[in-house]
Structures are given as structure tokens and as C-alpha cells.
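Thanks for coming, everyone. I'll keep this short. Please have the sequence and the model open while I talk.

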Amino acid sequence: MRLGIDIGRATSVAVLVERNGRVTAEAAVPSRAGAGASVTAVLQALGAAAPGCLEGNGVEAVCLTTDFARVPAPLGPVAVLRISPGSHPALAPLTGWPDATARAVGGLSGVADGGSSMTGRQLAPLDRDAVREFAERAAAAGRNAFALCAAGAAARAAPELTAAEILAATVPGARISLSHEIGGSGLRERENATVMNAALWDWAETLTREVGHALHAHGLSAPVAWARNDGGLVSGEYFRRYPVIASASTAACALRGAAAPAGADRAVVVDAGAYEVRCAALTDGEPEPGEAGLGPGGVWMEHGLPRMDTLPKRAVPGRDGNGESDRGGEGNGQGKRGGESWNGNGGESWSGGEEAIGGEGEGEGDGDLPARVAWLVAGVTERAPGGALLYAGGAARAAGAPEAVARGALRATAYGAARGTTRVELERVVVAAGDAEFARLRDQLCGQALTRAVAAGADPDSVRVDRVTHSPVSYLPRGVHRVRVSATGDPAGTAS
Amino acid sequence: MTPARIGPEELEHLASGALVLAAGAEPSSFRTVLDLARAAVRDRGPVPLIPVEGAGAGRLCVAVSLVGSSTALAERLPLGAEPVRAVRALERRLGRRAEALVPLNMAAENALLSFVCAAGSGLPLVDGDGCGRVLPLLEQTTFTLAGVEAAPLALATPAGDVVVIEAAGSRIEELVRPLVLAAGGWAVAACYAMDGTALAASAVPGTVTRALAAGARGTHTQLGDAGGSNIGSRNTGSGNIRSRTTGGKNTAGKNTASRTAGGAKAEGTHVPATHARGTDALFEPWGARRLCRGRIVGVEHPGGGAEPQEQPEALPSRPTSVVVAETEGLERRVRLEAHNEVLLALADGAPVAAVPDQILMVSPADGRVLDVERARPGIEVEVVVIPAAPAWRTPEGRRLARGGGLGPLSPVAQEEP
């Protein structure tokens, strides 16, 4: 049995799920401020609903969702070093960041010459002295969290690894976030994600500790898995190292959790949470991948979330057809947000709305919510047709779900986490002269992905490569490919 | 009506509009160049925009373009000085100062780099370009058709290198490509130096204004500026460079009356008919006509699909046929024959559109151009045809647009030992 726990913004939900997918117990309580307190409360409720259900060794794994924006947590200070030839000042590290986020992260950044082109060719030799000087400057400022991002790191990781050695030798106890491990195309997006990864270390540390205590207090000693933004699972250890990949996993879990019991390979899922309604499509059981966008702290990055359409406050084209229809969420944006921003700094909120769904609205009323949701669904259905319409979230009824469906919708997110598989992704640019060399490099990457999956908590006997995609990079010579490998397995201890 | 200048607000419109024709633009690269352009307009002020005939006789005009890989640009970031350096190098070679700049085409980064160049050099930007649509090779321009040579051509790389190619005959693409590669994968080219009169005779006029208009009206493009405006509080998981039309119903597009909420039904839920999400507003400035609206029912790769890595460089796609079943009107079967771009559209077997016109599949849900590579059965699309500039309709124009007019340039020929 697996225990899935979704610590939502309004409601915390726990479900016990058997290996065959059957739910044996479930409970929901209002979320508390602390993650540990929320877990404690929902486990008490679960124990009350199904006495003795958590006793013995029946629970093989505890799977939890994450939502950095749920309760503002301070970002840790990070020293940011880019390894690249110079560029325009408007493109420097940390530029374009919301002020508050940049302040929280500390604004300490530097650029050292070095890095590679997309073909793996060296752009400049690594300026080791500059790296050392930067490390000393950061140490003098009391930093020991570092983010390193080299140009062309996806094609050649060596400059980042060498610089990391220098940092580690110069700053004892340095923790280093490396961009080639985070992945992503586009230096700036990858750098931003690498920096935020380091800035989230404290948050992940606190979260795993609090939740760990709460689980122990209930006698649960099963391995803990955390859901990634794409709905896969990783171990606590992996999560603490790469928190940025698992900073908002509720959405993907909701999608998977709604689709799994329905056995739907193709589906359009309405996720009606307490504060917003999101809609996304699944094809072959996988959510449609999203593109770069605003991640934690309002920072632009590839965050790995599914592609979601979100219902703007007054989204449905007005009956006056005034053309303002589809932009409700933006407008000027000011004054539209409450305390739901990623780090409580009033910066960009990733997903925060403040108008409770199904509540009174602001005099405008939400009586037309089902119509607005239908409009949202129509848009998603156009690009992903042919699937069943499914619901997740506590406000599913208000969003138009039939009564019977809405009951199951409340637990969808926790259920999605509980049914997840351990998953890691690896992305590299490879340069291969011919098919044989390409095949060799691809196999090498698959091997690395498998190793990583085990490191992320997958049972070694069950781990497998489930997806390899590769595409040539346009306007570069043949043989330059971007390769993405996804490896997956059952969480350790749950393999059948 | 050409506006007099492009300031910060117009720049945002230009950016949105420049994405309309650019299927598969690299988002990171586009954002990078947009940030450069924003910095340029902040530091240097607005850029004057002049009509194609505005440069006048005796004045030197120069075309500006990104060459190489935009993926490389997103990784090896620009200094920002590359466009001006390229123009200055060309000026040194010619012994004359340039007096106006013209974009080579209006696709994504190209429109913005021309703007960066104009802002940086203090020169006006010509309201037109050498393409009127988007074609991949440097010579595929209306300038070539009018007999203007691309060379001398100056390349400026992000490493600070400047290379001038004096005369290249028809080998310009083969010469430029390895140079660009050696420079890290991308560079900015200044080329097609010509007199203002020649420019007026050969450029496709008004294309900057078209992009501005498309960007200003009815479209809302999420350009993802984390620092400034606050787009992204929604839809953040759903894409950045993402044009969404709003209320196509209200625009003066020809086709609007016939196309309200076709297909906007989900699971029997009633959606008011006025809630159409059309693409008219977006494409209206290009004089686009809508060929059909329908659902992709088949995607085929005739001739056996070669693995992508076996494809010629620079043209990574393979021949593809997309079959669209019209969901309204005559319920025709529209077959799109594509290789890199859609070359031909057949409705129930009869040709209804062909290159040199640009045939685009557009997602009606969000106004995005759907890459041929991403076409999948089941997806709802509108097929939109943007008429090519008259120069492309001549026999020479058709040949050049197909890339077949210049033997050595043919990508297949490049593969031969």
C-alpha cells in the first residue's frame, strides 16, 4: 500500500492506495500553515476514518506533493557564477528578476571566461583565476551556496565540473548547484533554474524534516517520495538536492490522479482548486509538457510543469464581445494578487489567485463558473481532442462536475502522487559523426539516466528507460542532436 | 501608414507581430534578443521608421539578418554590438556610410536585431523587408530577384570577429555557414548594400507596419518579461511566446462573420457562440485568407521516413503530408504537402494554395502557428494562406523560393563529396 498526501493551499488530503489502485481509506482536513502540522492533522483524520489503517508495515511508501507558493518560505542566499564569454549587461546573471527575489538571493554574481558552443567547441579556456577570485569574494560575503552555469553545458559539462572543483577547494563546505544537472536549453533559463535550485535548498530541507517528524510520530517509517513538477517521484535525498524540479507538483499530480482511476489515456482534466481553475490535457497518460515560464520567485525558467490553461478572473469573452476576454489574468496585473506569490515578496505569482473559487467572487458572482470552465475546456480540447473530460480538486462541483465525479475529484491529487513512479530526466547535446557513434552516446546517456533513477529512489530491479527523444539542432552541422532521456521505476520498497 | 518611430511600446508590438510568421521560433533566443532591443530603446531612444521609398536616391541602404542557429544564440549570448559592427564593416569596405537599414525578413529575431542595429547606429529603419515572408537561405530575397547581390557581406560574431566576404557568386551560403560555425554557431550579417532607389524597387513594402499592427491589435503575446510587465500570472505553465487572439469577432477581418465558435464545444457543454477564439486579428494585417478550419486526421511521411539525422543539414524536416478534414462548410479533405514548410494545399484533390504563398497551420485555440513537425491527428487547426509578394510569383521568384533556382545551394548538392 502507498500513502499519498497532498498538502494543498486550502485542504490537505491523504489516501491509502493498494497496489491495484484501490483506495482503502481517505481523509481531508483544512491545511495548516506548517507542512508538518498539515500532515499530522490529515493523518489523525485518516486514522479516525479508518482506525488502524496506518498500523503494521502495510505502508510501503509515502508520496507527497509540493507547492512552494503555498506558504511563503525565505529563499537562501546564493553566489551565482556564469562561465561564458562576456555579453550585453542587459543579459547578465540575475537581470530581469523581480527585485525582491533578486534581493533574497543576494545579488552576488560574477562572470568568468570559459564555456562551450552548442557543438562542444571551447569558446574560451576556463579562467581559473576568475573562478578562484569569485569564490573568495563569495566566502568573504559568508556564502556557501553556489550556482554554476556554463555556456554550452549541455554539450560539455567539463567547465562546470572544473569550476566546481576550484570552488570546493576554495570554500570549505560549499554546496554547488550545476546547470548541466538541472538541464534546459537557453543559458539564461537554465542559469535561473540553477540559481533557484540552490535558493530552495533551505525550503526543501525544512519541508522534508517537518514532514519526516510528522510521519515518524505516526509510526510511519516507509520511504518518503516527493512528487516532481511533472508528476514523477523522487526520494527525499534527491528532492533536497534538486528542489527546483519538485517545487510545484500539485498540478501534475492532479492531472495524473484524475486520469488514473478512469483508465484514461487521453483526457482533458479540469483541476479546480480553492483559488483557481486550471485545465490541461493528457495524451498517452502523460500531461502535455509546458514551456518556459515564471517559476518560483517569479523567475523565468523551464519549470517542467505541464502545459496548463488557467481561468482568468473574468475570462470568458464577455457577452459584449469586447475583446478583453482572454487576458483577464494579465491586465495590468497589479493589485490582483494576494499572499500566494512564490516567496511572499509580492513578486510574480506562479499560480496564485486570491479569489476563492466557488465563493462569493467579488460581487461579479461565480454563478457562471461552469460556463467559464467550459470555455476553458473548449480551448484545451481543440489542441488535444478526443479525450474524456475529468475533474480534480475540491472545487470540482462548483466548476461543473457532476456530484458523483466531484467526490472523487477531491482526492485526485493525493491519489496521483500515490500512484506515481520514480522518474528522472536527462538532457544533453551530443555531437556524433555517424549513426554508430550517435547510438553509442545515446546508450551512454541511457545508462546515466538509469543510474540517476536509482539515485532518485527507484527500485534497481524495476528501473527502465521509458522515453528517449532526440532532434537535430537546426542550422548546425549534422550530427548535433539534443537528446532527452527519461528513466523510471517503482519507488524502492514498493516493487511487486 | 507608417508610424514615424518605434518607441518602447511599439517595440513590444513589433515583437508580438514578428512571431506570427515564425513557426518554431526558439523562445530563449527570442527573449534574449527582445531584452537587447528593450535595452537599446531604453538607452538610445526610439528608432525612426521610414517608408521604402523614403531612403531616396543616392543613399546607401543595408539589410541586416541573423545567420546561423538561434539555439546557439541562446547559449552564447550576444554582446549587443554585433549588428552595428557588421554594418560598420560593410561601410568600411564600401567607403560610404549607410543611411538606412532594412530587415532581411520579419521573422522573430530578425525583426528585433534590425531594430537593435538601427537604435545602436542611429539610422532609420525601413518599413519593409527583403522577403515579405520567411525563407531560410540568405539569397532567398526579393533583392536577389531584383538583381541586387548579397555580397559584399559583413559578418560580426559574438566573439568580436568581423569577416567581410567581397564577392561570392552563388556560394554565399556555403561560405557563410562554416564561418558562422567557427564563431560559435551564429552571427549577424550586413548585406545587400544598395541605393535607396533600388531598395524602393525591390523591398516588400510595409512589413514592419504589418508586424506592428498584428502585434498591436487583438493579439496578446506573452513575451515573458519577469522584470517589467507582469504577464505570466496565469498561463505560466502554458507557454511564453504565445499569441492569443482576443475577440476576433470585432476585427474587420473578412472571414469573421462565418466563423464563430466552430468546434468550441466540449462534452456537450454549451459555449456561447460569441466566444470564438479566432486568428483573424493576428493575420489580417498580412492580408491572409483562411483556407479552412478542420481537424487533422492524418499525418504521413511519403517515401519512407528517413531518420532525422540522415537529413541534410539546415533542413531538419522530412517530407510530410498532413490531411485536414474540414469541420465546417463543404467538409472538404484538405491535404497539405510539406517539406520544411507547407508547399501545396489540395482541397478534395484540387490545388487551392501553393508556394510561394505561405501556407500555415494555426491553432485556433491560441493563434499559434503549428509547426509541421508537431502536427498530430486530432488537433484542430485553421489553415491560413498569406499571399506572397508579387516578386515571388514570377518564374524566377518561384524557383528561388523553392531553393531550386540556385543549384549549388541545394542542400542535397551540399551532401555530395
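**Salt bridges, a sheet and a buried serine**

Let's start with a network of salt bridges that links A:E382, B:R290, B:R293, B:R295, B:E328, B:E380 and B:E382. One caution before I go on: this is a predicted model.

Take one pair from that group. A:E382 and B:R293 form a salt bridge, with their closest N and O atoms 2.7 Å apart. Where do A:E382 and B:R293 lie? A:E382 is in helix 10 of chain A, residues 369-383, and B:R293 is in strand 12 of chain B, residues 289-300, so this pair joins two chains. Are A:E382 and B:R293 buried or exposed? Both A:E382 and B:R293 are buried.

How many salt bridges are there over all chains? The count is 42. Two more of them, both in chain A.

Here is one. A:E205 bridges to A:R240, and the closest N and O atoms sit 4.0 Å apart. A:E205 belongs to helix 7, residues 201-217, and A:R240 to helix 8, residues 236-241, both of chain A; the pair therefore ties together parts that are 35 residues apart in sequence. A:E205 is partly exposed, at 34% relative accessible area. A:R240 is partly exposed too, at 23%. The cut-off for buried is under 20%, so A:R240 does not count as buried.

Now the other. The side chains of A:R228 and A:D230 meet in a salt bridge, 3.2 Å from N to O. A:R228 and A:D230 are both buried.

Next, the sheet in chain A. Look for an open sheet of 4 strands, in the order 6-5-7-8, with parallel pairing. Which strands are at the edges? Strand 6, residues 108-112, and strand 8, residues 175-178, each pair on one side only. From one strand to the next, the twist averages 20 degrees.

Zoom in on strands 5 and 6 of chain A. Strand 5 covers residues 79-83, and 5 bridges join strand 5 to strand 6, the two running parallel. To find the register, go to A:A79: opposite A:A79 stands A:L108 in strand 6.

Helices pack on this sheet. Helix 3 of chain A, residues 128-140, touches strand 5, strand 6 and strand 7, the last being residues 145-150. The direction of helix 3 makes about 170 degrees with that of strand 6. Then helix 4 of chain A, residues 158-170. Helix 4 packs on the sheet as well, and touches strand 5, strand 7 and strand 8. Against strand 7, the direction of helix 4 makes about 155 degrees.

Over to chain B, and a record. An unreviewed UniProt entry annotates "domain: S-Me-THD-like C-terminal" on residues 171-216 and 277-400 of chain B. What does the chain look like over residues 171-216? That stretch of chain B is 61% helix and 26% strand, with its end C-alpha atoms 39 Å apart.

Last stop, a serine. B:S321 lies in strand 13 of chain B, residues 320-326. The relative accessible area of B:S321 is 0%, so B:S321 is buried. Which side chains does the side chain of B:S321 contact? One is B:R335, in a polar contact at 3.4 Å. Another is B:E337, in a polar contact at 2.6 Å.

That's my tour. Over to you for questions.

How values were computed
Residues are numbered from 1 along each chain as its sequence is written. Chains are lettered from A and ligands numbered from 1 in the order in which they are written. This is a predicted model: local features need pLDDT of at least 70, side-chain atom pairs count only at pLDDT 80 or more; totals for chains, interfaces and linings use all residues. Side-chain values use heavy atoms; hydrogens and water are left out. Two strands pair if DSSP finds at least two bridges between them. Axes are lines fitted to C-alpha atoms, for helices over the stretch in contact, and angles run from 0 to 180 degrees between N-to-C directions. Contact means heavy atoms within 4.5 Å. UniProt positions are given in the numbering used here, feature names are shortened, and annotations may be inferred rather than shown by experiment. Buried means under 20% relative accessible area, exposed over 50%, partly exposed in between (1.4 Å probe, protein chains only). A polar contact is a pair of N or O atoms within 3.5 Å; within protein, one must be able to donate a hydrogen and the other to accept it, and residues adjacent in sequence count only if both atoms are side-chain atoms.
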